[in-house]
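Trainee: Could you take me on a close look at the empty spaces inside this protein? I would love to go through them slowly, one at a time.

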Amino acid sequence: MSTATSADGTEISFTTTGAGPAVVIVNGALSTAADAGPLAEALAEAGFRAVAWDRRARGASGDRSGSAPADEADDLAAVIAAVGSADAVLGHSSGAILALFAASRGVPTGKLFLSEPPIDFEAQGWGEELPRRLQELVDAERLEDAIAMFQRDAVGLPAEMIEAGRSSGQLAALAPLAQSTVYDARLTLRYRHPDAALLNVDAPVTVLRGAQTFPFLIDSSDRLAQAIDGAELVIVPESVMHRPDPAATARVVADRV
């Protein structure tokens, strides 16, 4: 495990697997670098040096009160600088939004691979109250309740599934990630209406999605690919219900890097 220092002094933890062109993985909500292990291994087997990192307020990485999307973009820049350079950045879910946002700010991402980015083009979902309510729960140390609220209001999980997770101990296991839900909510809210800068990045863009995934993600992935000039949409049949298949995803990257 290694660390990079972000622009605001926050220490960001990362690991590398394999050797070859560097592919930096940007995880989605409620996940850590460890969750990217299978994908990192698949990329390493495909001839890449896979870099998995804990976004701030997750795993072994640090945090700073009041962190904003720009801080997370700086975190990605710090990781890329620490490993020398990036030939590609592969972001999944909210991590795909972060990867695109970072590229729009000039972070040298190399080629961009954006897996099922949850962009609410119609702004029909939750609003500015969600990050505030999540932060209130975190500040009150009601971490499981913050996870439950995020799963219900941001992800859209049914109440019975969330309660089953509470009973099984899943929410307790996710509780250390509660602060990160505030940052994911801020990030996805900020870019529900992609601006011109976000849609005109210099990096080549490939948008990936499963054939069987949530309708919202089909719509957001397809619309983003259409909105970015020259972007390619790749449907990955092996990726099912918002879970990128490691081997199939690595093949998509290997064919384009």
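**Inside the cavities**

Mentor: Happy to! Two strands, β7 (205-212) and β8 (232-240), each supply at least two residues of the lining of the largest cavity. Keep in mind that this is a predicted model. The strand β7 gives the largest share of that lining, with 3 residues. Here is the idea behind the search: rolling a probe the size of a water molecule over the atoms shows where empty space is left. In this structure there are 2 cavities of 30 Å³ or more, and the volume of the largest is about 50 Å³.

Let's walk around the wall of that largest cavity. Its lining is made up of H92, S115, E116, L208, R209, G210, V236, S239, H242, R243, P244 and T249. Sorted by class, these residues are 3 nonpolar, 6 polar and 3 charged.

Now turn to the second largest cavity, which has a volume of about 40 Å³. Around this cavity you will find I25, V26, L39, L90, G91, H92, S115, P244 and T249. Two strands, β3 (22-26) and β5 (88-92), each provide at least two of the lining residues, and β5 gives the most, with 3 residues. By class, the lining of the second largest cavity has 5 nonpolar residues, 4 polar ones and no charged ones. Here is something fun to spot on your screen: H92, S115, P244 and T249 are part of the lining of both cavities.

While we are looking inside, let's visit two single residues as well. Start with E72, which sits in helix α2 (residues 69-83). Is E72 buried or exposed? Its relative accessible area is 2%, so E72 is buried. Apart from neighbours within four places in sequence, E72 is in contact with W53, R55, R56, L98 and Y183.

The other residue is A175, found in the loop between α7 (170-174) and α8 (178-190). Its relative accessibility is 11%, and A175 counts as buried because buried means under 20%. Which residues does A175 touch, if those up to four places away in sequence are not counted? They are L143, E144 and I147. Take L143 as an example of how the chain folds back: A175 and L143 are 32 residues apart along the chain, while 5.2 Å separates their C-alpha atoms.

How values were computed
Residues are numbered from 1 along each chain as its sequence is written. This is a predicted model: local features need pLDDT of at least 70, side-chain atom pairs count only at pLDDT 80 or more; totals for chains, interfaces and linings use all residues. Side-chain values use heavy atoms; hydrogens and water are left out. Helices (H or I, at least four residues) and strands (E, at least two) are DSSP runs, numbered from the N terminus. Buried means under 20% relative accessible area, exposed over 50%, partly exposed in between (1.4 Å probe, protein chains only). Contact means heavy atoms within 4.5 Å. On a 1 Å grid over the protein atoms alone, a cavity is a set of points where a 1.4 Å probe fits but cannot get out, and a pocket is an open set with protein on both sides within 12 Å along at least five of seven lines; lining residues have an atom within 4 Å of a point. Grid points are joined across faces, edges and corners, and a volume is the space filled by probe spheres set on the points. Ala, Val, Leu, Ile, Met, Phe, Trp, Tyr, Cys and Pro count as nonpolar, Asp, Glu, Lys and Arg as charged, and the others, Gly among them, as polar.
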